[in-house]
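Me: Please give me a close look at one strand and what lies around it. Then move on to where the chains meet.

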Amino acid sequence: MEEVVSRWRESLAEARARGKMVRVVGKDSKGWLPWCRRGADEVVFSMQDWQGVVRYEPSELFVTVRAGTDVAEVEEMLAERGQWLGFEPPPGSVGGATASGWSGPGAWRYGSLRGAVLGVRLLDGAGRLLRFGGEVIKNVAGFDVARLVVGSWGRLGAIVEVTWRVWPKPAAVRTLCFEMGEGEALAFADRLRPRALPLSAFFWSNGRLWLRLAGGERAVAHGREEVGGEEVEEEMAAALWRQVRALDGEPWRAVPEGMALWRLAVPPGTPPLGMGKILACERGGTVRWVLVPAGEEGVWKRAEEVGGWAWRWTGEGPWQQRRQGAVGEIEERLQAVFDPEGRLSGGPWGREE
Amino acid sequence: MGRDWEAMLSARVRAWEEGERLFRVEREETLAQLRATLPREVLRWQPEEVAVYECDGLPALRERPLAVALPRDTAEVQEVLRVCARLGVPVVARGAGTGLSGGALPCRDGVVLSLARLNRVLEVDPVRCWARVEAGVRNLAISEAAATFGLFYAPDPSSQVACTIGGNVAENAGGVHCLKYGVTVHHVLEVRGFTVDGEEVVLGSTAEEEPGFGLLPLVVGSEGMLAVVTEVTVRLLPTPPAVECVLAAFDSVRAAGEAVAAIIAAGIVPAGLEMMDRGSVAAVETFMPVGYPKDAAAVLLCEVDGRPEEVEEELPQVLDLLHTHGAREVRVARNAQERAQFWAGRKAAFPAAGRVSPDYYCVDGTIPRRALGEMLEAIAEMEQRYGLRCLNVFHAGDGNLHPLILFDGSREGEWERAEAFGAEILERSVALGGTITGEHGVGAEKINQMCVQFSREERAVFFGVRAAFDRDGRLNPGKMIPSLPRCVEYGRMRVRGGALPFANLPRF
């Protein structure tokens with residue numbers, strides 16, 4: 001630990017001396033994203049070599065891992081004990097996944113990565129080594145800074161260690177496919193939501209809906225009868241969910257010239273947005289991937305109209321809009337608590353002057 | 001922003017670190033302005049009117065507030081906040097006052113802002129599966145409103161008949177079903193309310209994700225120190241169609257703990273998993289006989305829920321594991337009535353403690369479950385040393401302990417001994433890798449033990465977070481985050497050790 005702490009303080013000192021910013025990177029698995037490009041005026045701090053599992057207690061449903069550890073490695077270890085990360089973090093390092101706050105398809109059932117974080121150790125912009133939360137599921141001592149750090153993209157500091165809650169791996173998993181359009185799939189999601197079904201993932205794209213069921217053998221068999229659809233061969237299904245989880249392949253990586261890809265988070269029950277070309281819907285329709293001509297800025301407003309918010313995925317920033325008013329000011333002040341000199345860079349918000 | 005804020009921030013944090021802030025409040029002027037702004041029926045200030053607000057569910061700590069406001073709508077909430085902002089008056093928000101950590105303990109020169117009258121269920125949406133309710137709506141009322149649609153609100157603190165959702169948000173309330181379903185933070189989508197200055201804020205989003213920093217989880221569990229919440233949107237879940245509840249008796253708490261570990265390791269996450277020791281069982285059976293085996297060293301309640309075929313698969317496995325781990329008696333509730341009876345005993349554990357002893361003090365640490373045996377031995381030793389009895393009930397699945405220390409407040413020094421006993425349990429929880437509070441909050445009660453769980457730098461961050469929302473620290477002052485002198489004093493006291501007089505130590 002001491003080595004990481006002193007290396008971090010050196011990076012901060014170097015940045016201060018040369019008037020630069022500090023960017024934290026893990027395995028650089030998100031380097032393809034426009035807001036993860038490194039600026040020329042940045043000192044890069046790598047967490048990649050800070051690896052290893054600190055503690056794993058299967059019967060207490062948690063695992064504590066160093067930030068540079070590969071997510072896949074953690075999953076392999078959990079699988080040996082019949083457990084998994086239900087929220088399906090993106091591939092890459094544990095710290096990177098936590099800093100991005102992304103969750104995979106399983107979040108529809110198991111909740112987001114943010115909910116699964118029980119504790120973090122953080123090196124902040126003032127060089128302090130801090131620990132918030134812990135390893136127990138129920139813990140309300142102090143403000144929940146551990147979950148504030150989730151999705152902060154390195155702007156509050158470098159995540160050194162993370163404790164995640166884990167789940168028993170379901171005995172049976174089956175994926176069903178339905179031929180249906182966007183509107184039909186969203187209406188179907190509305191009918192599924194209030195029912196006690198063992199659903200674990202929802203993904204629609206290109207005229208097809210994929211539904212994943214997970215649970216006990218008999219519960220899944222019954223669920224399958226109730227919802228219908230064509231059963232998808234196991235390996236093919238696993239490949240599909242892997243791709244969705246990694247945001248790999250189309251629609252995320254092959255954006256046509258002159259177009260921009262946007263991700264919208266919208267409330268459940270939101271009908272088709274009727275804007276640009278819909279590429280995919282995830283998590284019962286609460287995440288939508290839309291293609292619009294580059295430079296089309298009406299997306300921000302459209303998202304707001306339906307009670308959601310937009311994220312520009314490709315093209316030039318800003319990739320996300322900062323919240324205005326009192327909340328925006330609170331966010332700025334919070335950042336100053338952890339980064340008093342304003343030296344930490346990262347995230348889809350651009351830099352405030 | 002920029003430099004000015006940073007300078008202000010570090011000065012503020014330093015000042016707070018150095019000592020808890022005293023507010024110079026013009027009492028007469030404050031009352032006059034509140035009375036000029038709000039109708040009579042919204043304000044209380046006569047001693048007999050405010051007496052009932054002197055404490056919350058921790059009656060050992062009391063303070064008489066300057067005034068109590070009971071706004072009928074959000075506009076009146078905003079008015080109260082604006083008057084207090086103008087005059088620099090502290091504000092303590094309050095729900096039903098059922099909290100167990102003195103989180104709603106009034107401030108002598110402050111206004112108690114009761115949100116109990118904001119009690120309308122604004123919307124239950126059976127398609128989006130959410131309920132939008134005002135902060136004063138009772139926890140159980142949400143599930144009752146959702147029941148017609150086959151939906152329910154999962155977090156269920158034992159005070160759910162009375163406690164409000166606003167209070168649940170402030171404390172990040174848990175309950176008996178949180179191992180499987182999670183706590184309040186996992187079920188709140190969005191909150192609306194005001195900053196300390198009366199500016200409107202919306203945190204979180206019904207789109208299930210929040211842009212920018214995760215402010216919603218920061219406000220959930222913030223004990224009313226960051227914002228005043230007036231409206232909450234919660235997620236509703238489909239009611240599980242099948243439920244089974246098992247009662248098992250063991251000859252040792254350790255064996256019961258091992259059975260719990262085995263159930264979870266087998267891949268079953270029970271909806272509820274509760275344990276009571278011999279003393280608690282005896283107390284419950286005296287207060288409300290529900291048929292618990294009185295000669296058992298530990299009684300375990302295990303509930304599994306879900307679709308009928310899931311429950312049919314899991315129940316035999318649970319029974320099998322209980323038997324192989326030494327349960328000497330295992331009963332499955334035959335019907336809903338018997339299941340309710342199994343639970344009634346557990347839920348009556350606190351009042352039962354109140355029956356066998358003039359007073360009791362409920363502790364709320366969480367420990368890693370593997371340390372359960374060690375903790376119980378330590379508590380047994382402390383019972384001898386402090387000369388007080390302790391009943392143990394726990395949320396066994398997640399390691400959240402509720403030791404109930406029995407004492408007689410009318411006897412000189414007993415409350416102080418009980419308090420020191422509780423403090424030692426909390427410190428031991430931290431030493432074993434746990435936390436000083438699993439679900440009741442820090443409040444005024446556990447502020448000293450925050451010195452043990454968090455470093456000076458971590459506490460400085462908490463002060464900073466507080467200042468980011470409330471620069472003068474007027475929302476619920478004197479709670480949760482201890483100053484440096486307090487920690488120094490507490491450290492000295494711990495060095496002296498044991499049950500020394502705490503009575504002269506000012507709490508605020």
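Reply: Start with B:Val91, which stands opposite B:Val111 in β4(B). The model is predicted, so local features need pLDDT of at least 70 and side-chain atom pairs pLDDT 80 or more, while totals for chains, interfaces and linings use all residues. Residues are numbered from 1 along each chain as its sequence is written, chains are lettered from A and ligands numbered from 1 in the order written, and side-chain values use heavy atoms, without hydrogens and water.

Strand β4 of chain B covers residues 111–114. Strands are DSSP E runs of at least two residues, numbered from the N terminus; helices are H or I runs of at least four. β3(B), residues 91–94, pairs with β4(B) in the parallel sense over four bridges. Pairing takes at least two DSSP bridges. β2(B), residues 67–69, also runs parallel to β4(B), joined by three bridges. Here B:Ala69 stands opposite B:Leu113.

Both faces of β4(B) are covered. B:Val111 and B:Leu113 are buried (under 20% relative accessible area, 1.4 Å probe, protein chains only) on one side. B:Val112 and B:Ser114 are buried on the other.

Now the interface. Chain A brings 76 residues and chain B 86 to the contact (heavy atoms within 4.5 Å). Together they bury about 6700 Å², 62% of it on carbon and sulfur atoms. That is accessible area (1.4 Å probe) lost on being put together, summed over both. A:Lys138, A:Val140 and A:Phe143 supply 15% of the area that chain A buries against chain B, more than any other three residues.

Nine salt bridges cross this interface (Lys or Arg side-chain nitrogen within 4 Å of an Asp or Glu carboxyl oxygen). One salt bridge joins A:Arg218 and B:Glu312, at 2.7 Å, N to O.

Terms used: Buried area is the accessible area (1.4 Å probe) that two parts lose on being put together, summed over both. Buried means under 20% relative accessible area, exposed over 50%, partly exposed in between (1.4 Å probe, protein chains only).
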